[in-house]
Amino acid sequence: MRRETLKQAAPAAPARVRRGYFECRYGQLHLHNAMPPGGGFEEGTALLCLHDCPGSGRLFTRFLALAGRDRSVYAPDLPGFGESDAPLAAPVLADYAAALGDFLDGMRLRRLDVLGVRIGALIGAELALARPSQVARLVMVAPAAAAPAERAGAELPREQRWALEAASQYPSRERLARITQKLLVLKTRDEGADGRLRGLPAAARVAELELPGRELLAAAPERLGEAVRDFLRG
């Protein structure tokens, strides 16, 4: 009997993270993206990542390099943040979601998954509600409005203040209960996160992570990748 030596496949190299601009109703939308060597479109379902406020898509740079090995991954700067153009008047969370919808229409993405962190998670929920046939799965990392320090009335840039006000006024219990997509909620040690979990659909999956959401992406993006891998493949 001939013996064959099985060689363990080398781990895939991180995907290269690129940047670009796309049009939306508020002007230009800047985003970071990564895709597999084969181009991404014939691979896994595309993933849209939404940052917290304040912040930008740069928050996901290390995560994109890992997640982009087998699917196209996009992390836009939300309108008014990073290098994206800002709205002319105070938006509600549904307005941010609508601007992201402009990007999805321009890319002609028929199906995608969405992952959002804190306020980005709530915007992801609005996107899922607005586009139930397009958004397949939703991951909400520490869904919350604003940290106590951010609610204390400190002087903030206009765009940041708008986003925080929109999140604080968001009827999360009513809106989250209407989500029909597969839903995974990752609880972290962020203050105020638990208050957004009361309106979740009964079928939602909830898991706990030890790190705060922001630290999770900055210091341990592989932990987030492990936490969502099976869910996004299901």
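These legends walk through a few close-up views of a predicted model. Residues are numbered from 1 along each chain as its sequence is written, and side-chain values use heavy atoms, with hydrogens and water left out. Because this is a predicted model, local features need pLDDT of at least 70 and side-chain atom pairs count only at pLDDT 80 or more, while totals for chains, interfaces and linings use all residues.

**View 1. The largest pocket and its lining.** Here we're looking at about 360 Å³ of space. A pocket is an open set of points on a 1 Å grid over the protein atoms alone, where a 1.4 Å probe fits, with protein on both sides within 12 Å along at least five of seven lines; lining residues have an atom within 4 Å of a point. The volume is the space filled by probe spheres set on the points, which are joined across faces, edges and corners. Of the 15 lining residues, Leu66, Ala67, Asp70, Gly225 and Arg229 lie nearest the centre. Helices H1 (61–67) and H7 (221–233) are the elements that give two or more residues to this lining, and H7 brings the largest share, eight residues. Helices (H or I, at least four residues) and strands (E, at least two) are DSSP runs, numbered from the N terminus. By type, the lining splits into seven nonpolar, one polar and seven charged residues. Nonpolar here covers Ala, Val, Leu, Ile, Met, Phe, Trp, Tyr, Cys and Pro; charged covers Asp, Glu, Lys and Arg; the others, Gly among them, are polar.

**View 2. Helix H3 (residues 119–130), wrapped by its neighbours.** In H3, 10 of the 12 residues are buried (under 20% relative accessible area, 1.4 Å probe, protein chains only), so the helix is largely enclosed by the rest of the structure. Among the buried ones are Ile119, Leu122, Glu126 and Leu127. Their cover, counted by contact (heavy atoms within 4.5 Å), includes strands E3 (44–50), E5 (112–117) and E6 (135–141), plus helices H2 (93–107), H4 (158–168) and H5 (172–176). The end C-alpha atoms of H3 sit 17 Å apart, which agrees with the 16 Å expected at 1.5 Å times one less than its number of residues.

**View 3. Ala99 on helix H2.** Ala99 counts as buried, at 0% relative accessibility. Leaving out residues up to four places away in sequence, Ala99 touches Cys24, Arg25, Tyr26 and Pro79. Leu29 is 70 residues from Ala99 along the chain, yet their C-alpha atoms are separated by 8.5 Å.

**View 4. Two buried cysteines, Cys24 and Cys49.** Cys24 has a relative accessible area of 11%, and Cys49 has 0%. Searching the whole structure for disulfides (pairs of cysteine sulfur atoms within 2.5 Å) turns up zero.

Terms used: Buried < 20%, exposed > 50% of the residue type's maximum accessible area, 1.4 Å probe, protein only.
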